[in-house]
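Trainee: Could you take me through the largest pocket of this model in some detail, and say what lines it?

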Amino acid sequence: RAIRRVAGGARYLTPELAQRLVFSGLDTGCSNPFEQLSPREMQVALMIVNCHRVNELSDRLPLSPKTGNTYR
């Protein structure tokens with residue numbers, strides 16, 4: 001999976017490392033880090049969790065693929 005993603009030009013992080021990176025940067029005192037997301041960021045996050053690709057994000061939301069990648 002990692003090799004395919006990297007060969008396709010994407011970056012790859014293990015889920016464990018991604019989670020550590022996300023939570024290490026949060027030192028705001030909020031009990032729920034998702035409270036810090038904007039409504040659009042939350043919408044994009046939920047679509048990604050539901051296995052939607054960036055191209056689908058830009059089709060369903062008024063976003064360019066580049067902006068969809070930025071939100072991701």
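Mentor: What follows looks at the pocket, with the chain around it and a patch on the surface as context. The model is a predicted one, and its chain has 5 helices and 0 strands, following the pattern α-α-α-α-α when read along the sequence. Of the 72 residues in the chain, buried ones make up 11%.

The largest pocket has a volume of about 1,600 Å³, and among the 36 residues that line this pocket, those closest to its centre are Ala18, Val22, Ile48, Val49 and Arg72. Two or more lining residues are given by each of the elements α1 (2-7), α2 (15-24), α3 (39-49) and α5 (65-71), and the largest share, 7 residues, comes from α3. By residue class, the lining of the largest pocket divides into 21 nonpolar, 8 polar and 7 charged residues.

Turning from the pocket to the surface, one finds a nonpolar patch formed by Leu13, Leu17 and Leu21, which together have about 250 Å² of accessible area. Leucine 13, one of the residues of this patch, has its place in the loop between α1 and α2, two elements that also give residues to the lining of the largest pocket. The relative accessibility of leucine 13 is 45%, so this residue counts as partly exposed, given that the class lies between the limits of under 20% for buried and over 50% for exposed.

Conventions. Residues numbered from 1 in each chain as written. Predicted model: local features only at pLDDT ≥ 70, side-chain atom pairs only at ≥ 80, totals over all residues. Heavy atoms only, no water. 1 Å grid on protein atoms, 1.4 Å probe; cavity = no way out; pocket = protein on both sides within 12 Å on 5 of 7 lines; lining within 4 Å. Points joined across faces, edges and corners; volume = space filled by probe spheres on them. Helix = DSSP H or I, 4+ residues; strand = E, 2+ residues; numbered from the N terminus. Nonpolar A, V, L, I, M, F, W, Y, C, P; charged D, E, K, R; others polar. Patch = residues over 30% accessible without salt bridge, like charges linked within 9 Å, V, L, I, M, F, W, Y side chains within 5 Å. Areas by Shrake-Rupley, 256 points an atom, 1.4 Å probe, with all protein chains shown as cover. Salt bridge = Lys/Arg side-chain N within 4 Å of Asp/Glu carboxyl O. Buried < 20%, exposed > 50% of the residue type's maximum accessible area, 1.4 Å probe, protein only.
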